Amino acid sequence: MPGSQLLLAVSLIIGLAVATPPPLQAQDDETANLKRPKIGLVLSGGGARGAAHLGVLKVLEENQIPVDVIAGTSFGALVGGLYASGYSADELTTILEDIDWQAVLSSEAPRRKRSFRRKQDDDGFLIQFRLGVKDGKLKLPSGLVTPNNLRLLLRELAANAHAVRNFDKLPIPFRAVATDLESGQPVVLSGGDLASSMVASMAVPALFPPVELDERLLVDGGVSNNVPIDVARAMGADIVIVVDISTPMKSREEISSFTSVITQLTLIMTNKNAAAQMATLGARDIVIRPDIEGIGLVDFDRTDEVVPKGEAATEAVLGQLRALALDGAAWAQHLNARFPGDERAPTIDFVRIDNTSDLDDRTIRNRLSQQLGKPLNIKALSEDLTRIYGIELFDEVGYRTVTEGDQTGLEVRARRRENGDAQLRFGLALQDDFEGGSGYQIAAGLNQLAVNSHGGELAAQFVIGDRFSLFTEFYQPLDYTDRFFLFANAEASKSNNNIIAGDGSGDLLAQARVSGVNFQVGGGRNFGNWGSARISLQRTFSRINRRIGLPGLTGISVDSTTLNLGFEVDTLDNPRFPHEGLALEVGYRNSLGWFGGDSRVDNLQFGVYKPISWGKNTIGLTGNFGTSFNGTPNETDVFPVGGFLSLTAFAPGQLSGNHGGTAGLIYYRRVAGGPKYLTQTPLYLGATIEAGNVWNDASDISLGDLKWSSSLFVGADTIIGPIYLGGGIGSGGEAAAFLFIGQLF
């Protein structure tokens, strides 16, 4: 019957509706996720080329392609670890573009955060490359760059994951791959401190020292497994997306030096293990190879060029990738798990210091601003630890949070330098006037740090050449923050002081050999890390002998006792080629007749340097002035002029008088090399213009008889210190060539 047929049809429709599952987007999201394949992202190592990973991540996000697990090596571990901790691709791109890689990839704290005492190490021309002295033996560092700055930065960036000890608990499960230096086998890091794991995976042999984790010495994972596909598989990945930024092998023509041979040997190992991993890929796996030819391992300042190349390479395989894309609802759920929101900072109930140096723990604790009973301030803590690192006594200054019962504590770890507390440095300066006159100075300095628990130091310096000097000083902080200090020093010196005609001609009349010994005791106060004031008593015993001319001058002894006052400001970002900051020094010496001595002459000196920069260009304003007054000055009271930045066309000390000074402008432009880190060497071209003179009598001082000088120079900021090579020409036809190794500003 028609009614019965209609009833049967309706029943069938209802039954089919009940039996048919709803569309995917209407299903329970968890059920849907169980049905889709687990996607693993494999990020290879390749130094600065790893910025291409960011472009890959950006396209994956734009096309709603999920990442369920990440395995990374070297720079791939850095990008992968931060992405797994909860950053988006755009956020990571901004972060990496803004990083000051010159500061991060340096063995020293940024200069603005170094202690003022350590800034004073830059005085003179000793180069910054230091040899350690331990147990009476010279000790080289196990890496050119100590990665403490990098580790602190990564801890600050991964603040949300500071309490995570199992990387499966990150928003995206993550693995970093390193290499066991003893066995050569790959080591998969699945837990512990995230920042330390990323650093270990990036520890390029010779550039970085091995990282000790879980009683193993670890180096860059690229040595053993640069494309860790097997690691992603072990994490349960059904499909892997492999981003291969491996550096290609060099051609025969490119292998032309010992460094290129070493690089090629490293690439042979890296590419061999990468090829073995790539051979395991299946039909559903996807490989992305960005075209980043010409991008070097340390071209970190070219991030903005590399990211688009990662985007382009990913868009080229979108046809394959879209099969893995999620619909709107599933993507929203994926993002909710990816970005769970900022983790609340724990309240710190106690602070513990784990210190392997001879310094008292209070030296470290008193430099921490973290208050008990307050939430952990990771940014402020990172600043504090960087300043502690600026003491330059430690290879590593780090931290971790610990839980004991119902209390949460902050444990600060300070690991003393592996190459000892004593540091040996050298310096060299050469100059020639093209007319047979030349000069040189060679120096060596030794600093023994932490001779007691308060941070006392013993320093010695030896100089031979145009000037002989043997100097030693003991420096003793009076409190645990090095605000107040005492010091005592002694110096023996010999130098040649020129005596110039007083008629304005600048003719050399004679030359005296001045020998002296002085002893000084005093104290002072450091103002943070930007300035310092000193007061001292100094006893000096000098002897003046004739060297050239002055037949009546033989063996004159001059003794003096002086009260010395000094004030210094130093906020320069770089003592070699400064770009910002200020250097200022004022010194006053008052003779004390009631303390004994022959001299009654007072002296005042002033020096300043101020750089102003834009882009790759810097102009520096420089000035140095000195005067002697109250009494009859002799050869021990003269101020020398000459040398680079002080009338460059004249030899160092060629001009000298009781009153004198110079003022000038210096310009330099970085023409090659990029910021200084790892293997790059910034190269500068520069020029100076200077004016100045010396006078024996104050009544002779006149701007009308100023001498002028200009110079051209090439400068290089090398890993062993700055090098300056150039020549100067004076307004009177004077000329000089110079070579300096070591900082000048």
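1. Glu 315 sits in helix α12, which covers residues 303-315. This is a predicted model, and every value below should be read that way. With a relative accessible area of 44%, Glu 315 is partly exposed. The cut-offs explain the label, because partly exposed lies between under 20% for buried and over 50% for exposed.

2. Which residues gather with Glu 315 in a patch of negative charge? They are Glu 62, Asp 90 and Glu 91. The patch lies on the surface. A residue needs over 30% relative accessible area to join a patch, and Glu 315 has 44%.

3. Now to helix α4, residues 75-84. Ten of its ten residues are buried, so the helix is largely enclosed by the rest of the structure. Among the buried residues are Phe 75, Leu 78, Val 79, Leu 82 and Tyr 83. Glycines are on the list too, including Gly 76, Gly 80 and Gly 81. Ala 77 and Ala 84 also belong to it.

4. Look just past this helix. Gly 86 follows α4. The phi of Gly 86 is positive, near 130°.

5. Asp 285 deserves a close look. Its place is the loop between α11 (258-278) and β10 (286-288). Is Asp 285 buried or exposed? Asp 285 counts as buried, because its relative accessibility is 9% and the cut-off for buried is under 20%.

6. What does the side chain of Asp 285 reach at 2.6 Å? The partner is the backbone nitrogen of Gly 282. A polar atom of the Asp 285 side chain also lies 3.0 Å from the backbone nitrogen of Val 240. Check both contacts in the viewer.

7. Val 240 itself belongs to strand β9, residues 239-243. Its relative accessible area is 0%, so Val 240 is buried. In sequence, Val 240 and Val 42 are 198 residues apart. In space, their C-alpha atoms are 6.8 Å apart. Val 240 thus links two points of this note: the polar contact with the side chain of Asp 285 and the pairing in space with Val 42.

8. Last, Thr 347. This residue lies in the loop between α14 (328-338) and β11 (350-355). Thr 347 counts as partly exposed, because its relative accessibility is 37%. How many residues separate Thr 347 and Gln 371 in sequence? The separation is 24 residues, and the distance in space is 9.5 Å, C-alpha to C-alpha.

How values were computed:
Residues numbered from 1 in each chain as written. Predicted model: local features only at pLDDT ≥ 70, side-chain atom pairs only at ≥ 80, totals over all residues. Heavy atoms only, no water. Patch = residues over 30% accessible without salt bridge, like charges linked within 9 Å, V, L, I, M, F, W, Y side chains within 5 Å. Areas by Shrake-Rupley, 256 points an atom, 1.4 Å probe, with all protein chains shown as cover. Salt bridge = Lys/Arg side-chain N within 4 Å of Asp/Glu carboxyl O. Lys, Arg positive; Asp, Glu negative; His and termini not counted. Charge placed at Lys NZ, Arg CZ, Asp CG, Glu CD. Helix = DSSP H or I, 4+ residues; strand = E, 2+ residues; numbered from the N terminus. Buried < 20%, exposed > 50% of the residue type's maximum accessible area, 1.4 Å probe, protein only. Polar contact = N/O pair within 3.5 Å; in protein donor to acceptor, adjacent residues only side chain to side chain.
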